[in-house]
Amino acid sequence: MPSSDPPDPSVRATPPDVTYRAMQPEDTDAGLRLCRLSGWDQVARDWECFLAGKPPAVVAAIRGGRVIGTAATLRFGGRFGWIGMVLVDPDAQGQRLGTSLLTWALDTLRDLPAVRLDATPAGHALYQKHGFVEEYRLRRMEATGVTVVQQPYPAIQPMTPDDLSDVFAMDEHVFGAPRAPLLGWMYAGAPEYAFVARKDGRLAGYLLGRHGHQFEHLGPIVASDARTAEEMAATCLARTGGRAFIVDAACHNEPWNLFLERAGFREQRPFIRMHRGGHPPFGDPQRQFAMLGPEFG
């Protein structure tokens, strides 16, 4: 983790009253404060997931004893790293903190062949300057009420612990790297949003979800085809009692996006999935219908 005197020159270019240290569990409330200021939807459990890493993989920028910026990293085997939770207090923006935090994250992941992230349009130019290039586009879709009628889909069943090994194997192929601990964490946190599709005795798709501050999040959604993704999402949404939902949907499948729109989802904001290094495609993007989220991949 970085010390209070990081070696990178772009970090030293930040104001001299800003120091950097590993983010600690007791900083969770400070992280949530930055999320609320930025309109992000994370809850304490999300921060706890990042902070549980050994060693912790989150840096905090400190001014006057207060956390004013963060950045987090994840490692997916030896295949690629992920950067998320790059947050800067609005009162501290324009002072190169975002650049410094990104530089720290890249240095932390420098031993991996590729680094990936989901950029907002506002951050797109910054990431381009650091060598990131676009993979594909995403749309964050939100619905304050869904119009999905419960129908019998025999292939769709609630996920059970016995399904997890098959889910992990399918996900590694489609996502492009192993992330079994993260998916297990997802299942444990919201089993009511976990479904699988089995056809001819084989796993044809899965859906997971999690709880957020204002919205419930559906994703990842992985399926052999759009119809299977739709059936899993419809089964889940029909059982949720009118809650507000977010889905970070891939733009490249028109039938899937039309299904979301018919169900009452509207675009909240776009994301751009980007990478630095490596050789895309990573995994099988055509079978990724919704992502876990920009902070997790």
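I take buried to mean under 20% relative accessible area and exposed to mean over 50%, with partly exposed in between. The model I examined is a predicted one.

**Entry 1. Ala180**

I looked up Ala180, which is found in helix H7. Its relative accessibility is 29%, so I recorded Ala180 as partly exposed. I then checked its separation from His252: the two residues are 72 apart in sequence, and their C-alpha atoms are 26 Å apart in space.

**Entry 2. Helices H6 and H7**

How do H6 and H7 pack? I found an angle of about 130° between H6 and helix H7 (residues 180-189), with the axes 10 Å apart. H6 is therefore oblique to H7. I noted the crossing of these two helices as right-handed. On the H6 side, the residues in contact are Leu164, Val167, Phe168 and Asp171. They meet Ala180, Leu183, Gly184 and Tyr187 of H7. Ala180, the residue of my opening entry, thus belongs to this contact.

**Entry 3. Phe80 and Phe175**

I next turned to the aromatic rings, for which the count comes to 10 aromatic pairs. For Phe80 and Phe175, I read a centre distance of 5.4 Å and a plane angle of 65°; the pair is edge-to-face because planes over 60 degrees apart count as such. Phe80 lies in strand S4 (residues 80-88) and Phe175 in helix H6 (residues 164-175), so I entered the pair as a link between distant parts of the chain, 95 residues apart.

Are these two residues buried or exposed? Phe80 has a relative accessibility of 1% and counts as buried. Phe175 is buried as well, with a relative accessible area of 1%.

**Entry 4. Phe80 and Phe282**

I examined a further partner of Phe80. Phe80 and Phe282 form an edge-to-face aromatic pair, at 5.5 Å centre to centre and 70° between the planes. Phe282 lies in the loop between strand S12 (266-277) and strand S13 (288-290), whereas Phe80 is in strand S4, so this pair ties together parts that are 202 residues apart in sequence. I recorded both Phe80 and Phe282 as buried.

**Entry 5. The cluster and its arginines**

Which residues form one aromatic cluster with Phe80? I listed Phe76, Phe175 and Phe282 alongside Phe80. I then looked for charges over these rings. The charged end of Arg116 sits over the ring of Phe80, 4.8 Å from the ring centre. Arg179 lies over the face of Phe175, where I noted 3.7 Å to the ring centre.

Note on methods
Residues are numbered from 1 along each chain as its sequence is written. This is a predicted model: local features need pLDDT of at least 70, side-chain atom pairs count only at pLDDT 80 or more; totals for chains, interfaces and linings use all residues. Side-chain values use heavy atoms; hydrogens and water are left out. Rings of Phe, Tyr and Trp (its six-membered ring) pair if their centres lie within 6.5 Å; planes under 30 degrees apart count as stacked, over 60 as edge-to-face and the rest as tilted. Helices (H or I, at least four residues) and strands (E, at least two) are DSSP runs, numbered from the N terminus. Buried means under 20% relative accessible area, exposed over 50%, partly exposed in between (1.4 Å probe, protein chains only). A charge sits over a ring if NZ of Lys or CZ of Arg is within 6 Å of the ring centre and within 35 degrees of the ring normal. Axes are lines fitted to C-alpha atoms, for helices over the stretch in contact, and angles run from 0 to 180 degrees between N-to-C directions. Angles under 35 degrees count as roughly parallel, over 145 as roughly antiparallel, 65 to 115 as roughly perpendicular and the rest as oblique. A crossing is left-handed if the near helix is turned anticlockwise from the far one by less than a right angle, and right-handed if clockwise. Contact means heavy atoms within 4.5 Å.
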